[in-house]
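Please look over the sequence and the model shown here, and then follow the text as it goes through them step by step.

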Amino acid sequence: MYSKNFDINKNFQSSVNLDLDLENESRIYEYVPTTDICDVLKRYVKAVLGKTKDRATTLVGPYGKGKSFLLLVLTYIVSKNKGTKCWKILAEKIKRVDDELYQLLIELKEKNISLLPVIINSNYDNLDQSFMLALCDTLKRESMESIIPKNAYSVALDTINK
């Protein structure tokens, strides 16, 4: 009965999960930059480029306002993906809204600046443990296992194996 009066928007997507969506370019393709979002992104990109001393920030907003989506896009912008078609399309979308941010993105690309996003899961009580697990996961994802730092558990295993 209601189906005659209402349609489900097929473009609606589930919420962003940084852990699960980090490598998902289809989420980046969905992103629609606005002037407000570009202002926030500009602040972070300027910090990455060393154009500001404001390097520590807090991102606060109500549930469902796009904080995770913004961070997903930011991590994509500053990651190693700058040669991809998706990165170029995102940069062009941004250019239509904010040319200054677009120029900063081009500078990031020309200087070949890339960061390694480490997504810390808040499911653990111990922040050190959460950070180490997130760092190990990130290094594995990026095929950088050879530089995973030793921890008490791996040292104990090495000792047992000897």
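By class, five nonpolar, five polar and five charged residues make up the lining of the second largest pocket, where Ala, Val, Leu, Ile, Met, Phe, Trp, Tyr, Cys and Pro count as nonpolar, Asp, Glu, Lys and Arg as charged, and the others, Gly among them, as polar. A pocket is found on a 1 Å grid over the protein atoms alone, as an open set of points with protein on both sides within 12 Å along at least five of seven lines, whereas a cavity is a set of points where a 1.4 Å probe fits but cannot get out; lining residues have an atom within 4 Å of a point. Of the 15 residues that line the second largest pocket, Glu23, Ser79, Lys80, Asn81 and Glu142 lie nearest its centre. The volume of this pocket is about 200 Å³, a volume being the space filled by probe spheres set on the grid points, which are joined across faces, edges and corners.

This is a predicted model, in which local features need pLDDT of at least 70 and side-chain atom pairs count only at pLDDT 80 or more, while totals for chains, interfaces and linings use all residues. Residues are numbered from 1 along each chain as its sequence is written, and side-chain values use heavy atoms, with hydrogens and water left out.

Rolling a probe the size of a water molecule over the atoms shows where empty space is left. For enclosed space, the count comes to one cavity of 30 Å³ or more, and the largest cavity has a volume of about 30 Å³. Its lining is formed by Arg43, Tyr44, Ala47, Asp54, Arg55 and Thr57, which divide into two nonpolar, one polar and three charged residues.

The protein as a whole has eight helices and zero strands, these being DSSP runs numbered from the N terminus (H or I and at least four residues for a helix, E and at least two for a strand). Its radius of gyration, taken over C-alpha atoms, is 19 Å, while a compact globule of 162 residues would have a value near 15 Å by the rule of 2.2 Å times the number of residues to the power 0.38. Along the principal axes, the C-alpha atoms fill a box of roughly 70 × 50 × 30 Å.

Of the 162 residues, 30% count as buried, a word that means under 20% relative accessible area, with exposed meaning over 50% and partly exposed in between (1.4 Å probe, protein chains only). A nonpolar core is a set of buried Ala, Val, Leu, Ile, Met, Phe, Trp, Tyr and Cys residues joined through side-chain atoms within 4.5 Å. The largest such core has 29 residues, of which Val45, Val73, Ile77, Leu90 and Leu105 touch the most other members. Helix 3 (35–48), helix 4 (67–77), helix 5 (85–97) and helix 6 (99–110) each give two or more residues to this core, and its largest share, seven residues, comes from helix 4.

Contact means heavy atoms within 4.5 Å, and, when residues up to four places away in sequence are not counted, Val45 touches Leu74, Ile77, Leu101, Leu104, Leu105 and Leu108. With the same neighbours left out, Ala91 of helix 5 touches Tyr102 and Leu105. Ala91 counts as buried because its relative accessibility is 3%. Thr138, which lies in helix 7 (residues 127–141), also counts as buried, because its relative accessibility is 2%.
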